[in-house]
Every structure is written in structure tokens, then in C-alpha cells.
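Trainee: Please take a close look at one part of this model, the end of the chain, and set it against the rest. A connected account would suit me better than a list.

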Amino acid sequence: EGKFTITSFAEKKKTGEKISVLTAYDYPTAKLLDGEVDVLLVGDSLGMVKLGYEDTLEVTVDDMVYHTRSVKRGASRSFIVTDMPYLSYHISLEESVRNAGRIMIEGKANAVKLEGGRERVEVVRKLVDSEIPVMGHLGLTPQSVNATGGFKVQARSADAGEKLLQDALSLQDAGVFAIVLECIPEEIAKYVTDSVSVPTIGIGAGRHCDGQVLVVDDMLGITEDIHPKFVKRYGKLGEEIRAMAREYNNEVKSGAFPEEVHIFKLEKSELEKIER
Ligand code: KIV
Ligand code: NA
């Protein structure tokens, strides 16, 4: 059982073995997930999931570097992909390389991910030419929230599906090693997956993608206020955490905690000095 590397993506596409991806934002979570899934994505969902923002737009390169460093310390087997945040790859090619380079060098990511299709071809090519592997992201792209007017299912027509495929082919041409497909009908995701040579990683994109990705807090049941249809909850960690906090609170107030086993005692000779 080896390390998942950049070449593993093409191998999985060939063998048909599915690629598993979970987000991770910190050291302890990365340590738990390392080697259990193929890829850890330090997503800019960080802004919403961990920082409590309304959307992902105000996440910074500094935020992504900081969290990637933390994830990297906990992970030695899983491949680490980090999102380029909003405006870090929109202004100029030069700034884009510098920002992606910081994520790779300071953050120690194995690759970066950015959102968008044909309009990103130039920047993808520039990063790939700079030896920075790039993952694409199409369909629902949360950094476009002000342009699209909200988080909703994308490519809901044959025409929109065709446009999405052209975007995927543009990204493939520009050199991405994989493409995330978010929140699109299963049939469109299958059409794209069958038509591109790089693996597709789906989230809310049905069963036929080459891999799947979920936000870790969603699948653990820590996120409780939003219930997207595409999330499967593998547990109810949120409820468990709250129940444990409640029990602790009760035991502190009642004096049931701490108990004998949790206590440091003074040596008997020292105790006698106090009692004198
Ligand atoms: O930021 C993120 O978590 C993502 C995944 C949902 C694909 O981009
Ligand atoms: Na993201």
C-alpha cells in the first residue's frame, strides 16, 4: 500500500479504480485521514466550514498556506491539493504563479486547484509550465456566487452540458491532471467523464465520476445547519460532541469530575508539613 502521487490519477483513470477525496483543514484531522483516503483537499470551503464566513470569497492565500502547512504535518501518504482562493489567480499570470508557488513551497501542497473553464486556460497553462500541477473545478463554482446568484445545481440542459464539456476539454488541453465536477446532473457528469482523458472527481455529480469528494465536516456530521442533498453523513459527530460537552458540564457542576484517578497527590512527608 503505497503513497498516492500525481501519476496515480492517470493510473486510476486507466484501471477504473475510484479516487477518494476528503477535505482537511488541520493537523489532527489530516493525521486521522492520512492513508485512509487517496487525496486530502485543503478546500477554500475552509472559509465557510472553519472560519464561519457566508461564502468562500474572503479566504486569503495566507489562510490557505497556514492550513496547508498544518495538514501537511499530519499527512505522509495521502496526496495534498490546495485551493487557490478568490482573486489569487484572476489578476495577472505573474501574481498567479507567485500565489500558487507560495501554496506549493510554504504550504508544501502537492498541487493546487482553481475554479473555472475556458477563461482559465491561460493561467492553467502558465502554472503547469511553472511545474505546478493544477486540478480544475467546473459546475457549481462557489467563487462565482456573486455572478451566478447563489449555490444551485448547474448545467441543467443539454446545451449547458455541452458548454461544460467544452470547458472540461479546454482545461484538459491546458494541462490539468483532474477536474472536480460540482453539483451537476449525473448524466452530464457521465458524459464529461466519458469524454475526457483526465479523471473527474464528483461532488453532487452522481455515480459515474472517476472519484468522489466530500467536505469532511459534512460527512462526519459536524456541520448541522446545512443539509445538501449530495452529502452522505457517515456519523453524527456534532451530536456526540455536544453530548460530551453537556456531560462534562454536568460532572464539573456536580463534582463527579475530577475523580481519584485524575488527581496528583502530595508525598506523605510533605503533607505532614502542611498539616502541622
Ligand atoms: O473547497 C472545497 O471544499 C471544494 C470541494 C467541495 C470540491 O472545492
Ligand atoms: Na473550493
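**The end of the chain and what precedes it**

Mentor: Proline 228 counts as partly exposed, because it has 13 C-beta neighbours inside 10 Å and a residue needs 20 or more to be buried and 12 or fewer to be exposed. This is a predicted model, and everything that follows should be read with that in mind. Proline 228 sits in the loop that runs from α10 to α11. Its C-alpha atom is separated by 24 Å from that of alanine 30, a residue 198 places away along the chain.

On one side of that loop is α10, a helix of residues 216–220, and valine 216 belongs to it. Valine 216 counts as buried because it has 25 C-beta neighbours inside 10 Å. If neighbours within four places in sequence are left aside, the contacts of valine 216 are Leu22, Thr23, Ala24 and Thr29. One of these, Thr23, also appears in the shell around ligand 1. Valine 216 is 46 residues from histidine 262 in sequence, and the C-alpha atoms of the two are 33 Å apart in space.

On the other side of the loop comes α11, residues 237–254. Its end C-alpha atoms are 25 Å apart, which agrees with the 26 Å that 18 residues should span at 1.5 Å a residue. None of these 18 residues is buried, so the helix is hardly covered. Just after α11, glycine 255 has a positive phi of about 85°.

The chain then enters the loop between α11 and α12, where proline 258 is found. The peptide bond between phenylalanine 257 and proline 258 is cis, with omega about 0°. Proline 258 is exposed, because 10 other C-beta atoms lie within 10 Å and 12 or fewer is the condition for that class. From the C-alpha atom of proline 258 to that of tyrosine 248, ten residues away along the chain, the separation is 9.9 Å. The loop leads on to α12, residues 268–275.

How does the domain assignment divide the protein chain? Domain 1 is given as 6–235 and domain 2 as 240–275. Their C-alpha centres lie 46 Å apart. The C-alpha atoms of the protein chain fill a box of roughly 85 × 40 × 35 Å along the principal axes. The chain has twelve helices and eight strands, and buried residues make up 42% of its 276 residues. Of the contacts between residues at least 6 apart in sequence, 61% join residues at least 24 apart.

For contrast with α11, take α5 in the earlier part of the chain. Helix α5 covers residues 93–105, and its 13 residues reach 18 Å from first C-alpha to last, close to the 18 Å expected. Its buried residues are Ser96, Asn99, Ala100, Ile103 and Met104. They lie on the same side of α5, because the arc they cover around the axis is only 140°. An α-helix has 3.6 residues a turn, so residues three or four places apart point the same way. The buried residues of α5 pack against α4, β3, β4 and α6. Glu94 and Ile105 are exposed, and the face that carries them is turned away from the buried side.

Backbone detail in the earlier part includes two positive phi values outside glycine. Leucine 87, with phi near 70°, lies in the loop between β3 and α5. It is partly exposed, with 15 other C-beta atoms within 10 Å. Cysteine 183 has phi near 55° and is found in the loop between β6 and α9. Cysteine 183 is buried, because 21 other C-beta atoms lie within 10 Å and the condition is 20 or more.

Ligand 1 also belongs in this comparison. The residues around it include Asp44, Asp83, Glu182 and Val215. By class, its shell has five nonpolar, three polar and three charged residues.

To return to the end of the chain: α11 has zero buried residues among its 18, and proline 258, in the loop after it, is exposed.

Methods:
Residues are numbered from 1 along each chain as its sequence is written. Chains are lettered from A and ligands numbered from 1 in the order in which they are written. This is a predicted model: local features need pLDDT of at least 70, side-chain atom pairs count only at pLDDT 80 or more; totals for chains, interfaces and linings use all residues. Helices (H or I, at least four residues) and strands (E, at least two) are DSSP runs, numbered from the N terminus. The expected span of a helix is 1.5 Å times one less than its number of residues. The arc is that of the directions from the helix axis to the C-beta atoms. Two residues are in contact if their C-beta atoms, placed from the backbone, lie within 7 Å. Domain bounds come from an automatic or database domain assignment. A residue is near a molecule or strand if its C-beta atom, placed from the backbone, lies within 6 Å of it. Ala, Val, Leu, Ile, Met, Phe, Trp, Tyr, Cys and Pro count as nonpolar, Asp, Glu, Lys and Arg as charged, and the others, Gly among them, as polar.
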